[in-house]
Amino acid sequence: MPVLNITNLPAPSAEIQEYVRNKITEIANLDNAKFHNFKDQVKDLLYPERNIALATETIDDSVFISMVSAQYQSYFRKLISATYCSFHGSAEAPAGIGVHSHFRRTLALNFFLETGGSDVRTCFYEHKPDSEVELPRAEFNSYFKYQDMVLKEYYVAETNKWIAFDSKIPHSIENIENTRIYMTIVFSPDTEIEYLTSEPGIE
């Protein structure tokens with residue numbers, strides 16, 4: 001399983017969690033174009049037959065970064081930053097995020113405030129041998145066609161847990177039935193998942 005459960009890192013404070021929920025609501029209400037931008041970039045090109053989730057990620061919220069750093073920087077020797085993200089689907093039309101990998105970071109350290117449904121899966125893939133892989137890029141990700149990939153395994157996230165995985169492994173998110181909200185502690189792009197197991201007190 002490419003997902004690592006982080007057992008010794010405390011949950012974000014109630015203040016941080018409330019801040020994220022409020023900001024996600026604010027973004028959804030006031031800047032709906034951000035959600036549709038993701039869909040427009042990838043749906044017609046790669047996934048015309050799939051319902052792509054409305055999504056947004058905030059990477060430059062200085063108030064949030066300060067709050068997260070105040071609680072968590074002491075756990076790590078490397079400098080950290082933070083983001084928060086949401087995906088939106090419905091029970092009538094479950095949505096997802098197509099197969100992609102992140103080229104601006106390797107280590108994803110995520111905490112889920114809402115999973116987006118009872119069986120939302122993060123699916124991990126390998127390339128088919130001799131497949132013709134296309135790599136269109138959006139702002140942060142490279143995307144792949146499902147028919148060029150082989151599903152290897154999947155993980156169902158739970159709320160109130162920290163998990164980590166190598167975000168350069170191609171992965172998708174499937175079966176989002178409501179709002180999926182998570183926050184990410186961000187490290188420098190060259191930080192591998194093995195870094196977490198070398199940190200004192202992090203396992």
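## A walk through the cores and the sheet

Let's start in the middle: the largest nonpolar core has 28 residues, and Phe76, Leu109 and Ile185 are those with the most contacts inside it. Two or more residues of this core come from each of α1 (14-30), α3, β3, β5, β9, β11 and α4 (194-198). Of these contributors, α1 gives the most, with five residues. Keep in mind that this is a predicted model.

Isoleucine 185 is a handy place to stand and look around. Setting aside neighbours within four places in sequence, isoleucine 185 is in contact with Leu9, Val68, Tyr72, Phe76, Ile80, Ser81, Leu109 and Trp162. Apart from this core lies another one, of 18 residues, with Val3, Ala55, Cys85 and Ala157 among them.

Now for the sheet. It is open, has six strands in the order β1-β9-β5-β11-β3-β2, and its pairing is antiparallel. At the edges sit β1 (4-6) and β2 (54-58), each of which pairs on one side only. From one strand to the next, the twist averages 25 degrees.

Walk along the sheet from β5 and you can check the register as you go. Strand β5 (residues 107-115) is joined to strand β11 (residues 179-186) by six bridges, the two running antiparallel. Here asparagine 110 stands opposite threonine 184 in β11. β11 also runs antiparallel to β3, with eight bridges joining them. In that pairing, the residue facing alanine 82 is isoleucine 185 in β11, the isoleucine 185 whose contacts include Leu109 and Trp162.

One step further, β2 and β3 pair over five bridges, again in the antiparallel sense. Threonine 56 stands opposite serine 86 in β3. Next to threonine 56 in the numbering comes alanine 55, which also belongs to strand β2. How far apart are the C-alpha atoms of alanine 55 and phenylalanine 87? They are separated by 4.4 Å, although the two residues are 32 residues apart along the chain. Alanine 55 counts as buried because its relative accessibility is 6%, where the cut-off for buried is under 20%.

And what about β3 as a whole? Seven of its eight residues are buried, so β3 is largely enclosed by the rest of the structure. Helix α3 (residues 62-72) lies across β3 (81-88), β9 (162-166) and β11, and runs at about 120 degrees to β3.

A quick word on the cysteines. Cysteine 85, one of the residues of the 18-residue core, is buried, with a relative accessible area of 4%. Cysteine 123 is buried too, at 6%. As for disulfides, the structure holds zero.

Last stop: histidine 100, which lies in strand β4 (residues 95-102). Is histidine 100 buried or exposed? With 4% relative accessibility, histidine 100 counts as buried. Its side chain reaches the backbone oxygen of glycine 98 at 2.7 Å. Once neighbours within four places in sequence are left aside, histidine 100 is in contact with Asn141, Ser142, Tyr143 and Phe144, and also with Ile169, Pro170 and His171.

Methods. Residues are numbered from 1 along each chain as its sequence is written. This is a predicted model: local features need pLDDT of at least 70, side-chain atom pairs count only at pLDDT 80 or more; totals for chains, interfaces and linings use all residues. Side-chain values use heavy atoms; hydrogens and water are left out. Two strands pair if DSSP finds at least two bridges between them. Helices (H or I, at least four residues) and strands (E, at least two) are DSSP runs, numbered from the N terminus. Axes are lines fitted to C-alpha atoms, for helices over the stretch in contact, and angles run from 0 to 180 degrees between N-to-C directions. Contact means heavy atoms within 4.5 Å. Buried means under 20% relative accessible area, exposed over 50%, partly exposed in between (1.4 Å probe, protein chains only). A polar contact is a pair of N or O atoms within 3.5 Å; within protein, one must be able to donate a hydrogen and the other to accept it, and residues adjacent in sequence count only if both atoms are side-chain atoms. A disulfide is a pair of cysteine sulfur atoms within 2.5 Å. A nonpolar core is a set of buried Ala, Val, Leu, Ile, Met, Phe, Trp, Tyr and Cys residues joined through side-chain atoms within 4.5 Å.
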